[in-house]
Amino acid sequence: MTATADEPFDLGALLLVPGEGKRIELTADVGEIELGGNVYRVTGQPVPVRIDLSRTVGDGWAFRLAASVDLEGPCTRCLAPAAPHLDVEAREASRPGGGEDLQCPYLLDDDLLDVSAWLRDSIVLNLPSSILCHSNCPGLCEECGIRLATAGPDHFHEKPPDPRWAALRDLEP
Ligand SMILES: [Zn+2]
Ligand SMILES: [Zn+2]
């Protein structure tokens with residue numbers, strides 16, 4: 001089954017009874033993702049998403065989401081373009097009523113699954129804390145802010161003279 005998940009996916013149309021499951025393949029748009037003041041764009045949107053779902057007893061659901069996404073955005077160390085790849089996996093369940101009440105925040109009106117919102121949140125949760133242009137990005141020069149990856153290994157600053165020595169020199173006759 002293929003569908004575009006710009007609108008929440010209608011689970012009711014699957015007509016599943018408890019114990020039955022289905023794998024659905026659809027595509028979702030997640031827009032841009034802002035993280036720590038940087039904006040990351042998911043390339044090739046809408047991106048393919050696979051959802052394994054099963055109907056559980058008591059009008060419940062169990063869901064598993066899987067997607068592979070490529071992002072574009074600034075390196076968190078040097079701000080050069082970075083293109084991290086991310087394999088996203090997430091699980092959700094819904095078990096309405098009773099003592100073990102479980103709400104899935106992406107399940108709207110009991111049978112509409114908001115795949116775009118779920119994928120988006122899963123991407124944010126799976127993003128590494130530092131997104132690098134390459135794994136050993138040397139970052140920026142502390143003195144002048146130049147990208148050390150392009151400045152080369154010879155990049156070097158003469159340390160400015162220690163101001164305390166300058167003060168001593170002024171005392172000399
Ligand atoms: Zn970098
Ligand atoms: Zn420098």
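Trainee: Is Trp118 buried or exposed?
Mentor: This is a predicted model, and every value here is computed from it. Trp118 has a relative accessibility of 2%. The cut-off for buried is under 20%. Trp118 therefore counts as buried.

Trainee: How many aromatic pairs are there?
Mentor: Rings pair if their centres lie within 6.5 Å. By this rule the count of aromatic pairs comes to three.

Trainee: Are the rings of Trp61 and Phe63 stacked or edge-to-face?
Mentor: Their centres are 5.7 Å apart. Their planes meet at 15°. Planes under 30 degrees apart count as stacked. So the pair of Trp61 and Phe63 is stacked.

Trainee: And the rings of Phe63 and Trp118: stacked or edge-to-face?
Mentor: Here the ring centres are 6.3 Å apart, and the planes lie at 70°. Planes over 60 degrees apart count as edge-to-face. So Phe63 and Trp118 are edge-to-face.

Trainee: How many residues apart in the chain are Phe63 and Trp118?
Mentor: Phe63 sits in strand S7, and Trp118 sits in helix H1. Their pair links distant parts of the chain. The separation of Phe63 and Trp118 is 55 residues.

Trainee: What is the relative accessible area of Phe63?
Mentor: Trp61 and Phe63 are both buried. Buried means under 20%. For Phe63 the value is 3%.

Trainee: Which residues form one aromatic cluster?
Mentor: Start from the stacked rings of Trp61 and Phe63. Add Trp118, edge-to-face with Phe63. With Tyr106 included, the cluster is Trp61, Phe63, Tyr106 and Trp118.

Trainee: Which residues are the protein donors of the zinc ion (ligand 1)?
Mentor: Each donor atom is an SG, lying 2.3 Å from the zinc ion (ligand 1). In sequence the donor residues are spaced C-x2-C-x54-C-x3-C. They are Cys75, Cys78, Cys133 and Cys137.

Trainee: Which parts of the chain do Cys78 and Cys133 tie together?
Mentor: The pair ties together parts that are 55 residues apart in sequence. Cys78 is in the loop between strand S7 (60–74) and strand S8 (81–82). Cys133 is in the loop between helix H1 (115–126) and helix H2 (148–151).

Trainee: Is Cys133 buried or partly exposed?
Mentor: Its partner Cys78 is buried, at 6%. Cys133 has a relative accessible area of 21%. Buried needs a value under 20%. So Cys133 is partly exposed.

Trainee: What is the geometry of the site of the zinc ion (ligand 2)?
Mentor: The protein donors are Cys141 (SG), Cys144 (SG), His155 (NE2) and His157 (NE2), 1.9 to 2.3 Å from the zinc ion. The angles among these four donor atoms run from 106 to 113°. Four donors count as tetrahedral if all angles lie between 85 and 135 degrees. The site of the zinc ion (ligand 2) is tetrahedral.

Trainee: What is the relative accessible area of His157?
Mentor: His155 is partly exposed, at 26% relative accessibility. His157 is partly exposed too. Its relative accessible area is 28%.

Trainee: Which residues lie nearest the centre of the largest pocket?
Mentor: The pocket has a volume of about 250 Å³. Its lining has 14 residues. They divide into seven nonpolar, three polar and four charged. Nearest the centre lie Asp59, Ser94, Leu107, Asp110 and Asp111.

Trainee: What is the phi of Asp59?
Mentor: Most residues other than glycine have a negative phi. Asp59 lies in the loop between S6 and S7, and is exposed at 55%. Asp59 is not a glycine, yet its phi is positive, about 60°.

Trainee: What is the phi of Asp109?
Mentor: Asp109 is in the loop between strand S10 (107–108) and strand S11 (112–113). It is exposed, at 65% relative accessibility. Its phi is positive although it is not a glycine, at about 50°.

Trainee: Which residues does a cis peptide bond join?
Mentor: Most peptide bonds are trans. This one has an omega of about -5°. Pro46 is in the loop between strand S5 (38–42) and strand S6 (47–56). The cis bond joins Gln45 and Pro46.

Note on methods. Residues are numbered from 1 along each chain as its sequence is written. Chains are lettered from A and ligands numbered from 1 in the order in which they are written. This is a predicted model: local features need pLDDT of at least 70, side-chain atom pairs count only at pLDDT 80 or more; totals for chains, interfaces and linings use all residues. Side-chain values use heavy atoms; hydrogens and water are left out. Donors are N, O and S atoms within 2.8 Å of the metal (3.2 Å for Na, K and Ca); water is not among the atoms, so sites may look incomplete. Four donors count as tetrahedral if all angles lie between 85 and 135 degrees; four count as square planar and six as octahedral if opposite donors are over 155 degrees apart and all others between 65 and 115; anything else is irregular. Buried means under 20% relative accessible area, exposed over 50%, partly exposed in between (1.4 Å probe, protein chains only). On a 1 Å grid over the protein atoms alone, a cavity is a set of points where a 1.4 Å probe fits but cannot get out, and a pocket is an open set with protein on both sides within 12 Å along at least five of seven lines; lining residues have an atom within 4 Å of a point. Grid points are joined across faces, edges and corners, and a volume is the space filled by probe spheres set on the points. Ala, Val, Leu, Ile, Met, Phe, Trp, Tyr, Cys and Pro count as nonpolar, Asp, Glu, Lys and Arg as charged, and the others, Gly among them, as polar. Helices (H or I, at least four residues) and strands (E, at least two) are DSSP runs, numbered from the N terminus. Rings of Phe, Tyr and Trp (its six-membered ring) pair if their centres lie within 6.5 Å; planes under 30 degrees apart count as stacked, over 60 as edge-to-face and the rest as tilted.
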